[in-house]
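Visitor: I am new to this structure and would love a close look at a single part of it. Could you pick a place where two helices meet, and then show me what else there is to see?

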Amino acid sequence: MTPAARLSGAIDLLCAIQNAPRRPADATANAFFRERRYIGGGDRRAISTLVWDVLRGWQRLHWHLADVQGDVSPRLLCGAALLLSGEPMDKVRTLFSGERYAQAPLTSREDIALKSLESKELSTQKQPLPVRLEYPAWLEPMLKETFGSRLPDEMEAMLGTPTLDLRVNLLKGDRQKALTALRRESLPAVPTALSPWGLRLDGRQPVTASQAFRDGLVEIQDEGSQLVVAAVDARPEHRVLDYCAGAGGKTLAIAMTMENRGHIVACDVHEKRLEGAVKRLRRAGVHNVERHLLTAGDKWAKRRAGSFDRVLVDAPCSGTGTWRRNPDARLRLTPTDIEELVRKQSEILDRAASLVKEGGRLIYATCSLLACENGQQIDAFLKRRTDFRRVPKEEMPELLPQELRNKAQFSLTPLRDGTDGFFACVLERRAAEATEEPAA
């Protein structure tokens with residue numbers, strides 16, 4: 001595709017994203033490219049890069065275009081993003097040539113609006129902090145509660161482009177085998193610093209087309225998500241429940257730590273997500289997983305109360321920890337969403353807790369940065385359920401790196417750890433006699 005055709009594709013994709021405001025942008029993008037299979041891999045990456053640059057700079061772009069009369073269209077946003085990336089105005093005009101596969105020429109209004117950016121002082125220092133660092137202003141008190149004076153630095157890190165992390169599937173080979181296989185296909189991965197199974201690549205890479213991926217030797221999974229699996233500490237003799245399994249990313253990794261033995265039940269309320277796990281399980285060579293769809297009135301959980309050694313609750317959450325990867329999520333989030341999610345997390349924790357056997361462990365995790373979804377959620381749960389306790393630091397899983405084993409819960413951020421933002425807490429269900437009041 002020509003540069004002009006790529007720009008046109010980016011504008012079309014941005015229009016599709018705007019027309020589905022409650023749908024994640026990556027889901028819209030996947031559908032967009034499935035319907036246009038003629039667009040090659042390099043062109044897809046170029047189109048996606050521009051669109052994600054717009055989404056990452058959404059508030060800043062609108063701030064710069066605040067004087068524009070009328071709507072700020074995807075055409076203006078893409079043009080402004082190109083100018084702010086260093087493209088000269090003359091070059092931007094040529095991309096709106098009106099020729100075959102190109103966008104129509106800039107209107108006089110659009111030309112004046114974009115031209116004005118060349119003469120403006122484009123420093124971000126005059127922008128309010130939520131605009132400059134691309135987070136909802138209403139969320140600032142909650143973010144300050146988590147980060148305090150570190151808030152600007154942490155949010156700055158959230159503006160970066162995420163790495164592409166892989167997990168080596170030890171059922172198919174070791175990390176060195178995976179490194180060699182990927183480098184053979186010009187994918188120069190390096191070991192991650194924290195996860196014992198992780199590999200890292202810079203930026204967008206065609207990993208899914210590689211033989212290592214097709215053979216199930218590697219799976220795409222952020223290093224932080226891998227560390228949540230390490231916190232589960234599932235072993236071959238265990239019965240394990242992945243209560244909010246989705247498409248099975250953590251289920252796959254748990255099966256690996258169990259050496260494909262024991263028994264895993266992957267549950268979710270979304271049938272399509274569970275169906276999506278089938279192909280991944282087959283590719284990874286996993287055969288110790290049972291899938292179960294949770295439905296209203298289901299007696300399944302009641303029949304299995306107190307029967308699992310490990311229960312992982314990868315809870316639905318605000319996703320604030322994934323803003324590098326999903327910048328559109330910060331545009332969709334509302335205060336009502338937070339209220340509903342906190343309530344839902346509490347309900348899920350209570351249901352999942354009933355499935356943990358005495359002496360078993362309940363691992364609660366989110367990809368959120370907010371205390372109300374993380375530590376405060378655990379504090380409230382422990383007040384309701386006195387038969388649970390945080391695991392002492394000396395009993396934390398040895399799979400975790402030493403710096404994460406110093407307490408029963410840990411958090412990860414892009415700035416400090418180079419991962420997505422994650423929270424995890426390891427709880428243990430105490431034996432009934434341990435919770436009884438001593439005799440007078």
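Guide: Happily! Let us begin where Ser225, Val228, Val229 and Val232 of helix α13 meet Lys250, Ala253, Ile254 and Thr257 of helix α14. Before going further, please keep in mind that this is a predicted model. By class, the residues that bring α13 and α14 into contact are five nonpolar, two polar and one charged. To find the two helices in the chain, look for α13 at residues 223–232 and α14 at residues 249–257. Their axes are 10 Å apart and make an angle of about 45°, so the two helices are oblique to each other. The crossing of α13 past α14 is right-handed.

A useful habit for such places is to ask for two values: packed helices are described by the angle between their axes and by the distance between those axes. Let us try that on another pair, α2 (residues 25–34) and α3 (residues 41–56). Here the angle is about 155° and the axes are 12 Å apart. With that angle, α2 and α3 are therefore roughly antiparallel to each other. Their crossing is right-handed. From α2, the residues in the contact are Ala25, Asp26, Ala29 and Phe33, while α3 brings Arg44, Ile47, Ser48, Trp52 and Leu55. Sorted by class, this contact of α2 with α3 holds six nonpolar residues, one polar and two charged.

A further pair is α9 (residues 140–147) with α10 (residues 151–158), whose axes lie 9 Å apart at an angle of about 105°. That angle makes α9 roughly perpendicular to α10. On the α9 side the contact uses Glu140, Leu143, Lys144 and Phe147, and on the α10 side Leu151, Glu154 and Met155. Four of the residues in the contact between α9 and α10 are nonpolar, three are charged, and there are no polar ones.

From helices we can step to strands. Look for an open sheet of four strands, paired in antiparallel fashion and ordered β2-β3-β1-β4. The strands β2 (190–191) and β4 (218–220) are at the edges with a single partner strand each, so one side of each has no neighbour in the sheet. Follow β2 to its partner and you reach β3, residues 198–201, which runs antiparallel to β2 and is joined to it by two bridges. If you would like one residue pair to find on screen, take Pro191, whose bridge partner in β3 is Leu199. A helix belongs to this view too: α11, residues 175–184, lies across β1 (164–168), β2, β3 and β4. Relative to β3, α11 runs at about 20°.

Now for what the records say. An unreviewed UniProt entry marks residues 154–430 as "domain: SAM-dependent MTase RsmB/NOP-type". Over residues 154–430, the chain is 34% helix and 22% strand, with 37 Å between the end C-alpha atoms.

The unreviewed UniProt entry also gives a "binding site" annotation, which covers Asp268 and Asp314. These residues are spread over 47 residues of sequence, yet they cluster in space, with a largest C-alpha distance of 10.6 Å. You can find Asp268 in strand β6, residues 263–268.

For "active site", UniProt lists Cys367, again in an unreviewed entry. Cys367 sits in the loop between β9 (356–366) and α19 (375–384). Leaving aside residues up to four places away in sequence, Cys367 touches Cys317, Gly319, Thr320, Gly321, Thr322, Gly421 and Phe422.

Let us finish our walk at Gln409, which is found in strand β11, residues 409–412. Its contacts, again without residues up to four places away in sequence, are Gly375, Ile378, Arg390, Phe423, Ala424 and Cys425. From Gln409 to Ala16 there are 393 residues in sequence and 40 Å in space, taken from C-alpha to C-alpha.

To come back to where you asked me to look: α13 and α14 cross at about 45°, and Val228 and Val229 are among the α13 residues that meet α14. Turn the model slowly there and enjoy the view!

Notes
Residues are numbered from 1 along each chain as its sequence is written. This is a predicted model: local features need pLDDT of at least 70, side-chain atom pairs count only at pLDDT 80 or more; totals for chains, interfaces and linings use all residues. Side-chain values use heavy atoms; hydrogens and water are left out. Two strands pair if DSSP finds at least two bridges between them. Contact means heavy atoms within 4.5 Å. Axes are lines fitted to C-alpha atoms, for helices over the stretch in contact, and angles run from 0 to 180 degrees between N-to-C directions. Angles under 35 degrees count as roughly parallel, over 145 as roughly antiparallel, 65 to 115 as roughly perpendicular and the rest as oblique. A crossing is left-handed if the near helix is turned anticlockwise from the far one by less than a right angle, and right-handed if clockwise. Ala, Val, Leu, Ile, Met, Phe, Trp, Tyr, Cys and Pro count as nonpolar, Asp, Glu, Lys and Arg as charged, and the others, Gly among them, as polar. UniProt positions are given in the numbering used here, feature names are shortened, and annotations may be inferred rather than shown by experiment.
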